[in-house]
Amino acid sequence: MSRRHYSPVWLVLGIAALASAQGFRESVRVGLVTVRLEVRGQDGRLLQDLKASEVKLKVDGKDVPVEGLDRVEAAAHSAVPKPAESADGPASAPASQEIAAAPATPAPPSPDLYLAILVDEISTNSFDRRDVHRQIESFLASKMAPGVHVMLERFDGHLRIECPWTTDASKLLAAAKKMSKRTFDSRMPSPSSLADEISKGRKPRDVELEVDLAARRSFDGINQALLQFPAGVPGRMGLVFISDGTPLMTPFDLSLMLSGANAGARDSLSLRAQSLRAQGENDAAKQIDEQLRDEALSTLTVFGAGSDATWVRRVAAIAKKALELDITFYLVDSEAIERGTNPGVSSKWPGRSMPGVQGGASLPYSGSGMTARVAVAQSMETLAETTGGQTILVSNQFSDRLGTIVAERATGYALTFRDPTPGDFRFHKIEITIKRPGAKVSYRRGYRVPSDEERTIDAVLANLNEPRGENPLQAKVSFEELRKESGRNIVAMRLEYPRPPEAPGPGTSERDIQIWAVCSDDNGNRAKPISRKAKAQSLSGEAAGPFADAIQLGLPPGPYTWSIALKDVPSGLTSYLVVRKVL
């Protein structure tokens, strides 16, 4: 029979076509790509004597020569000292300069580490968050190190930045203690409590729709958090996402949790199928497999035929953004282990292949049991593996595991190669093999260089949450209400700026401009970004300006936060503006 379920195995293959990322940014102008490698020997220890001749590289299935292989630690020690920065984090250049000017050569590898710790309050209950916050505080109090930059965030439908980028452990610890006092509770059941919702009389469809709506919010929060990382830093970047995992469960897994099937009956059939398969009775075992599968999929039909595909697109979207920005996922399962379950014979869920679990790929569909925690682990491990990160499935190990990541931040190698197809803005698959018996390598399995326009839109979206005052054009924005129409306010958004003093060429009464804008309401709903090319007209009719342009908008009444980028094309200068307006 046809099976419409997209498992995390399928997702790995799908995202592999997009590629995965970790470590260092690509240089757009010179076409060089640098990838961080972490190589361990048979004993699990990091290798310190890897040679370029032992590395084989393929891009999109074709051999590509390795241009360089440098140890991160050695390269960092020989690098030119960086300009001094404050404890409040890196001194970022204006976004317009970051986008317009790429370095002549790739930045040398750096042992610096940028960790954004995001607590998803939508998918964590207050009891589990209490334990997680203790782990965060333990990490900040005892495991920080020089060169480790941390940002603290939480998501409750809006991304809230509790502490911006800083290396100051005391400042971070004070913010973490403040975060721990919040009592906001989750908006969806935890994985191990999903079945309880049905026993309370709720319909599977209602629970699925509730989870779908909240999960959509959580994915948006992840995307917003990815945009808060500084651009152009040579160090390693990682997003620590803390959740009980419900948003990451596939609709298929969700249907299994809500099926209400008798665990004993399912286990008996599962064991019977295993016995028949061992005796060579594959046809009889297959019939039992299909019976179990039909039973498990019965509740999925009420959720819509395209539900699994929708889930895959959402996960691929956040993976894609992480790949573009070279950000690694570190995923933390916040649910206390005593509230979950462990794989075992009494589980009512059929076995499936489990990426990252030894031997999982060979498990038959009706094999060993699968629980809510394993379903969550599958998705978390898939995302982590795709971006070169790690999963932390036991929350009380969180502090120690982050401490290990910090301690190993200067290890590994920086592999450099020349982009075979520079400037195409597409994903390219990377395959790296090490010619040493037993060696295991962790790396990003692809790369993509975003266009300048994509980078500008990212900056505009990031400014919604953490405004950065970069206004070299001295631009101003104003709104004028024109009329009301079908319950919407029709307004003109007007942008005005003086002629830039460094503007090249002969003066004219109009200037080519480009505008990007996006707005968000107080509920976290965000409009589709506006991208507009226009000619700003001189208000005086003379070349001296000032110059202005207006966009007509129709929006329901209410308060909005606007984030806008205005680029003066002749000078190449871009201003970023954030304004709150009640319409």
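## Burial and overall make-up

Of the 583 residues in the protein chain, 51% count as buried. Keep in mind as you look around that this is a predicted model. The protein chain contains 14 helices and 21 strands. If you take the contacts between residues with a separation of 6 or more, 76% of them link residues 24 or more positions apart.

## The nonpolar cores

Let's go inside. The largest nonpolar core is made of 55 residues, and Leu239 and Phe329 have the most contacts inside it. Helix α7 (residues 204–226) supplies the largest share of this core, with 8 residues. To see what surrounds Phe329, set aside its neighbours within four places in sequence: its contacts then include Ile222, Leu226, Leu239, Ile318 and Ala319. Also among them are Leu383, Ala384, Thr387, Gly389 and Gln390.

Apart from this core lies another one, of 26 residues. Val119, Met144, Cys163 and Val240 are among its members.

## An enclosed strand

Next, find strand β1 (residues 32–40). Because 8 of its 9 residues are buried, β1 is largely enclosed by the rest of the structure. Which strands does it pair with? One is β11 (residues 413–418), joined to β1 in the antiparallel sense over 6 bridges; here Thr34 has Thr416 as its bridge partner. Another is β13 (residues 440–442), also antiparallel to β1, with 3 bridges. In that pairing, Val39 is matched with Val441.

## Two helices that cross

Two packed helices are described by the angle between their axes and the distance between the axes. Try this on helix α4 (residues 126–142) and helix α13 (residues 398–407): their axes come within 8 Å and cross at roughly 35°. The crossing of α4 and α13 is right-handed.

Which residues meet here? From α4 come Val132, Gln135, Ile136, Ser138 and Phe139, while α13 brings Phe398, Ser399, Leu402, Gly403 and Val406. Sorted by class, this contact has 6 nonpolar residues, 4 polar ones and no charged ones.

## A seven-stranded sheet

Now move on to the later part of the chain. Here 7 strands form an open sheet with antiparallel pairing, in the order β15-β16-β19-β18-β17-β20-β21. Strands β15 (476–485) and β21 (573–582) stand at the edges, and each has a single partner strand, so one side of each is left without a neighbour in the sheet. On average, neighbouring strands of this sheet are turned by 25° against each other, direction ignored.

Within the sheet, the antiparallel strands β17 (residues 510–521) and β18 (residues 530–538) are joined by 8 bridges. For example, Ile515 stands opposite Arg532 in β18. A helix joins the picture too: α14 (residues 452–463) packs on the sheet and touches β17, β18, β20 (559–568) and β21. The direction of α14 makes about 45° with that of β17.

## A closer look at Ile513

Let's finish with one residue of strand β17, Ile513. Is Ile513 buried or exposed? Its relative accessibility is 4%, and the cut-off for buried is under 20%, so Ile513 counts as buried.

What does Ile513 touch, not counting residues up to four places away in sequence? The list is Tyr497, Arg532, Lys533, Ala534, Ala536, Asp549, Leu566, Lys567 and Val569. You can also compare sequence and space here: Ile513 and Phe547 are 34 residues apart in sequence, and their C-alpha atoms are 10.0 Å apart.

Technical notes. Residues numbered from 1 in each chain as written. Predicted model: local features only at pLDDT ≥ 70, side-chain atom pairs only at ≥ 80, totals over all residues. Heavy atoms only, no water. Axes fitted to C-alpha atoms, helices over the stretch in contact; angles between N-to-C directions. Helix = DSSP H or I, 4+ residues; strand = E, 2+ residues; numbered from the N terminus. Left-handed = near helix turned anticlockwise from the far one by under 90°. Contact = heavy atoms within 4.5 Å. Nonpolar A, V, L, I, M, F, W, Y, C, P; charged D, E, K, R; others polar. Pairing = 2+ DSSP bridges. Core = buried A, V, L, I, M, F, W, Y, C linked by side-chain atoms within 4.5 Å. Buried < 20%, exposed > 50% of the residue type's maximum accessible area, 1.4 Å probe, protein only.
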